[in-house]
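Colleague: Hey, got a minute to walk me through this one? I'd like to start with how the helices pack.

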Amino acid sequence: MFDTVLIANRGEIALRVLRACRGLGLRVVMVHSEADKDAPYLALADQALCIGPAAPGQSYLNQPAILAAAAVSGAQAIHPGYGFLSENAGFVERVEQAGLTFIGPSSACIRVMGDKVSAKRAMRASGVPCVPGPDTSLPEDPAQVRRLAREIGYPVIVKAAGGGGGRGMRVVNDEAELLPALAVTREEAGRAFGNPEVYIEKFLLHPRHVEIQVLADRHGNAVWLGSRDCSLQRRHQKVIEEAPAPGIPQELLAQVGDSCAQACRRIGYSGVGTFEFLYENEAFYFIEMNTRLQVEHPVTELTSAIDIVQQQIRVARGEALPFTQADIACQGHAFECRINAEDPRTFRPSPGQITDWNVPGGWGVRVDSHARAGYRVPPYYDSMVAKLIVHGASRADALTRLRVALDEMRVEGIATNLPLHRELAADEGFVDGGVDIHYLERWLKERAAA
Ligand code: ADP
């Protein structure tokens, strides 16, 4: 049982985690880079320690520095936030070996889910629906590879087992492209991920991105907290998320959700996690599991009325989940806009000092942000400066609230993508709901051409 948590992250998520810790009466140690030394949220911690220069490799990814900070501050647990070291099984092992609690799943679970082939195998064995294709890596023999692809049917996608961040994938439209694509992806995977293993699966043409939030304790209990739709993406980066995913038959959703909770129990998963699916023609296809807190967790918090971060910390402390699946009821609809410091047309990052900061409020409006007037957005990290989250009784109600809130929000001194969000919130396709993962890129292209 721990009473002091070290938060190994920065920005809005560091503040989000601090708030959850405070709610549980825990002491908080924050670590920061030299570039973040003036971040306003550091003043809220019991102790703040500088762990290195601005470059993430020397600070937020600097494992020895973070472990040393835990040792000198007396922190007994580490919360990784998202990104950085949150899915690094090697780091989790070091935390475990140091006798500290990692607020997340075991290193063994992260390792299984971090390899896309072993993840797919584990999911299929648990009854989670997967993309058609073998759950083993591809053999060397070209004839065998060709036969496998033919069995699946073109187009197929070649993916690196160790891939991530949208890299290490190649779409193959016909047999002539297969072996060259395979060779390039293998080579790239070996170089970028240190693992040349690749596999193939069916390439879906117009899927939506639908995900399931899970929460599991260390006593074998696991629940799912509803669905999210994150199809509005640019270059695999989510722009707007919502909960629940609209237009999905309740029975089908319950079936998939139950299979995710079942998979957690089967692999001994604990903590929060997200099962990501492609959804096409009323069918779910598992693509990967994120073994950490997600940026978009607030839309699920607003619809489930469960503080996901607080529950994550509670289960890391060894507590049993205080509810069962039957207690979970999702209410209304929520949206989240990621407000980035970037040009709304060119998407070029726009770091610098915020001169004016006016965030919306009122019923059903939540803003998660570490920024304020006078805050300087550093150029070294992710450009997200705020998450605007709204909740309404229905999807239409939430959309209206989103538009009002976006109109109210004002950020000066840096460029932000607020104008893009305002346009999207009024876009007919988005308003109708259920757009596919290519919608936003198509929309941007059309807008540029107009
Ligand atoms: P990463 O770990 O790099 O994010 P994912 O396996 O989650 O990789 O895939 C990233 C994205 O690539 C998906 O969100 C989807 O847009 C696309 N993708 C992956 N697999 C398929 C598939 N079988 N069919 C169609 N698109 C796919």
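**Helices, a sheet and domains**

Modeller: Sure, and keep in mind that this is a predicted model. Start with helix H6 (residues 142-152) and helix H7 (residues 175-193): their axes come within 11 Å and cross at roughly 125°.

Colleague: What does that angle make H6 relative to H7?

Modeller: Oblique. An angle counts as roughly perpendicular from 65 to 115 degrees and as roughly antiparallel over 145, and the rest, once the roughly parallel ones are set aside too, is oblique.

Colleague: And is the crossing of H6 and H7 left-handed or right-handed?

Modeller: The crossing of these two helices is right-handed.

Colleague: Which residues make the contact?

Modeller: On the H6 side you have Pro142, Val145, Arg146, Ala149 and Arg150. H7 brings Glu175, Leu178, Leu179 and Leu182. Sorted by type, the residues of this contact are 6 nonpolar and 3 charged, with no polar ones.

Colleague: OK, new topic. In what order do the strands of the open sheet go?

Modeller: The order is E7-E6-E8, so to speak from one edge to the other, as E7 and E8 are the edge strands. The sheet has 3 strands and the pairing is antiparallel.

Colleague: Why is one side of E7 and of E8 left without a neighbour?

Modeller: Strand E7 (169-172) and strand E8 (198-202) each have a single partner strand, so there is nothing in the sheet on the other side. On average, neighbouring strands here are turned by 25° against each other, ignoring direction.

Colleague: How many bridges join E6 to E8?

Modeller: There are 5 between strand E6 (residues 156-160) and E8. For instance, Val156 has Lys202 in E8 as its bridge partner.

Colleague: Where do H6 and H7 lie relative to those strands?

Modeller: H6 lies across E6 and E8, at about 25° to E8. H7 lies across E6, E7 and E8, and runs at about 175° to E7.

Colleague: Zooming out, what are the domains?

Modeller: The domain assignment gives domain 1 (4-103), domain 2 (132-202) and domain 3 (208-449). Between the C-alpha centres of domain 1 and domain 2 there are 37 Å.

Colleague: One last pair: how do H12 and H14 pack?

Modeller: Helix H12 (residues 418-425) and helix H14 (residues 439-449) pack at about 105°, with axes 13 Å apart. That makes H12 roughly perpendicular to H14. The contact uses Leu420, Glu423 and Leu424 of H12, plus Leu440, Trp443, Leu444 and Arg447 of H14. Those divide into 5 nonpolar, 2 charged and no polar.

Methods
Residues are numbered from 1 along each chain as its sequence is written. This is a predicted model: local features need pLDDT of at least 70, side-chain atom pairs count only at pLDDT 80 or more; totals for chains, interfaces and linings use all residues. Side-chain values use heavy atoms; hydrogens and water are left out. Axes are lines fitted to C-alpha atoms, for helices over the stretch in contact, and angles run from 0 to 180 degrees between N-to-C directions. Helices (H or I, at least four residues) and strands (E, at least two) are DSSP runs, numbered from the N terminus. Angles under 35 degrees count as roughly parallel, over 145 as roughly antiparallel, 65 to 115 as roughly perpendicular and the rest as oblique. A crossing is left-handed if the near helix is turned anticlockwise from the far one by less than a right angle, and right-handed if clockwise. Contact means heavy atoms within 4.5 Å. Ala, Val, Leu, Ile, Met, Phe, Trp, Tyr, Cys and Pro count as nonpolar, Asp, Glu, Lys and Arg as charged, and the others, Gly among them, as polar. Two strands pair if DSSP finds at least two bridges between them. Domain bounds come from an automatic or database domain assignment.
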